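Trainee: I am new to this structure and would be grateful for a close look at a single part. Please take one packing of two helices and explain how they meet.

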Amino acid sequence: MIYQIIWVLALLVVGYIIGTYLERKHYRSILKREEALRSLPVVASKYLPEDGVSYQQTLVMGNVTISVDYFKRFLATLHNFFGGRVTSYESLLDRARREAMLRMKSQAASQQASLVLNVKYETASIYKGSGSNIGSVEVLAYGTALIPKST
Amino acid sequence: MLISNLEIIPDRKVVKHLGLVQGSSVRAKHVGRDIMASLKNILGGELVGYTELLSESREEAMDRLKAQAESIGANAILNVRFSTSSVAQGAAEIYVYGTAVVLE
Amino acid sequence: MKYETPKIPEGINVSKTHPLKTFTVLIAGMLAVLLLSAWLLGLGGGYLAKKLPYSQELRLAETYQEVAAPQTELLFYLQQLADRVAAAMELSDSMPVTIHYVSEPVDNAFATIGGNIFLYKGLLQKLPSENTLAMLIAHEIAHVAHRDPIVSVGQNAAISMGMMVLLGNADSGILGSTGLYTQMNFSRDMETAADVRGLNAVQRIYGHVGGALDLYKILESVSADSSVSQPEFFSTHPQSSTRLDDLNNLIQKHSWQQSPDVKLLPDDFSAWLSEG
């Protein structure tokens with residue numbers, strides 16, 4: 001019993017320290033890449049711009065699976081008891097969505113696309129079936145990239 | 001084969017609608033990935049193995065989607081949607097569907 | 001149409017509260033809820049257990065009858081003394097008291113459900129007179145008379161039931177698998193009440209309370225020997241010196257005599273102890 005408690009405490013501390021470090025690092029990298037790819041517009045509209053340019057189109061997508069650390073998962077269990085806003089999962093989903101979007105955008109940018117249309121997100125929880133272990137999500141972002149035809 | 005999640009393709013007319021086509025792929029993670037993933041579950045961060053697994057799985061689903069569309073003589077799939085569901089613990093189904101059409 | 005890509009400020013979808021702060025608040029809340037529910041369950045369990053008819057309590061305690069040792073001279077003597085104390089306390093006939101002797105060098109004595117009282121060799125060896133022994137037995141019988149053991153069992157059962165519901169495991173039976181309830185948690189109020197009633201009984205039997213308070217001097221020396229003395233708050237037994245003061249006040253109030261003329265233990269008592 002006492003060893004279990006020590007083990008849980010150790011995991012909490014390790015999870016908190018390393019998890020926080022990894023999250024900060026990830027956010028720094030997200031911000032940097034978002035800045036680099038910001039010139040590429042991404043819209044949820046289905047309609048093509050009526051600018052007279054003829055485009056070639058292709059499906060682009062980006063996906064990522066991110067797991068939350070032990071400390072935040074523990075926190076979420078506590079949140080589960082009291083209800084209310086599960087603040088510890090907010091950053092997990094935020095990071096996953098933005099990372100997936102960035103991967104999609106970089107795929108589009110590598111094909112010299114000028115616009116990505118009709119962007120959709122698809123979110124799945126990886127550990128859905130296993131009860132208390134929910135804490136990893138996969139996010140897929142996809143859309144139609146418009147590549148101007150070089151005529 | 002043109003795959004797009006738009007409903008209309010500029011400059012090209014849809015000649016024939018061939019109905020819904022779909023591709024699906026169910027994959028489970030293997031033990032090696034599981035061990036890495038359980039470690040990552042403590043520390044947090046990206047589960048690279050799973051990301052790859054799911055994109056491979058998605059590619060397979062798209063191949064099947066294309067195969068269905070080709071077999072019925074379509075040359076494009078429009079309004080494509082992805083959907084993911086966890087069927088059982090550790091197994092995910094990737095499902096992709098769209099409208100098969102013949103373009104001019 | 002023009003496409004612009006303005007920068008969206010950070011922190012709209014993610015709360016800025018520090019996770020450690022949330023953690024502290026939630027853990028504190030969780031502990032408060034747990035402690036409160038344990039306290040309420042204990043209170044409820046104890047209350048319900050007291051409502052249990054004594055005949056049911058005797059059935060619960062049937063296991064002790066099986067382990068009862070053969071009648072020895074020592075047990076006969078102790079049982080006789082216990083019966084005298086019970087009579088002096090005007091204990092109801094439906095509440096029989098059974099004395100058990102445990103031949104182990106442990107300084108302990110306790111009462112458990114069904115009027116079963118366990119006396120250990122270690123403690124009995126330290127007693128100087130019959131009056132002190134009577135006080136010890138009277139204290140334990142007072143617990144039985146107040147039905148403290150079944151209240152304690154009821155509290156523990158309610159709390160462990162709560163734990164079971166919370167943790168969802170049913171590996172421990174509600175009343176424990178062995179059925180031997182040796183872990184009695186009596187509150188300090190219970191102990192004080194038992195002291196007072198016990199001392200009353202001793203006064204009634206011998207006409208004075210001489211020798212009775214020796215018991216607390218022994219208990220004090222035992223606790224001083226065994227380990228670092230605990231602060232009173234943490235121990236369920238009030239510290240012996242506090243109990244001694246309370247009882248001295250009681251003696252003064254009733255102007256009882258503390259005669260040095262105590263009744264000695266039987267000559268063979270120490271021989272009986274090592275035999276049994």
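Mentor: What follows describes one helix pair in chain C and then turns briefly to chain A. Please keep in mind that this is a predicted model.

The pair consists of helix 4 of chain C, residues 73–88, and helix 6 of chain C, residues 130–146. Their axes lie 9 Å apart, and the two helices pack at an angle of about 60°. An angle under 65 degrees but not under 35 counts as oblique, and helix 4 of chain C and helix 6 of chain C are therefore oblique to each other. The crossing in which helix 4 of chain C passes helix 6 of chain C is right-handed.

As for the residues that meet, helix 4 of chain C contributes C:L81, C:A82, C:V85 and C:A86. Facing them in helix 6 of chain C are C:L133, C:A134, C:I137, C:A138 and C:I141. By class, this contact has nine nonpolar residues, with no polar and no charged ones.

The contact between chains offers a second view. Here 19 residues of chain A are in contact with 15 residues of chain C. On the side of chain A that touches chain C, two or more residues each come from helix 2 (70–82) and helix 3 (87–110) of chain A. Helix 2 of chain A gives the largest share, six residues. By class, that side of chain A has seven nonpolar, five polar and seven charged residues.

Finally, an unreviewed UniProt entry lists residues 6–23 of chain A as "transmembrane region". In the model, residues 6–23 of chain A are 100% helix and 0% strand, and the end C-alpha atoms are 25 Å apart.

How values were computed
Residues are numbered from 1 along each chain as its sequence is written. Chains are lettered from A and ligands numbered from 1 in the order in which they are written. This is a predicted model: local features need pLDDT of at least 70, side-chain atom pairs count only at pLDDT 80 or more; totals for chains, interfaces and linings use all residues. Two residues are in contact if their C-beta atoms, placed from the backbone, lie within 7 Å. Helices (H or I, at least four residues) and strands (E, at least two) are DSSP runs, numbered from the N terminus. Ala, Val, Leu, Ile, Met, Phe, Trp, Tyr, Cys and Pro count as nonpolar, Asp, Glu, Lys and Arg as charged, and the others, Gly among them, as polar. UniProt positions are given in the numbering used here, feature names are shortened, and annotations may be inferred rather than shown by experiment. Axes are lines fitted to C-alpha atoms, for helices over the stretch in contact, and angles run from 0 to 180 degrees between N-to-C directions. Angles under 35 degrees count as roughly parallel, over 145 as roughly antiparallel, 65 to 115 as roughly perpendicular and the rest as oblique. A crossing is left-handed if the near helix is turned anticlockwise from the far one by less than a right angle, and right-handed if clockwise.
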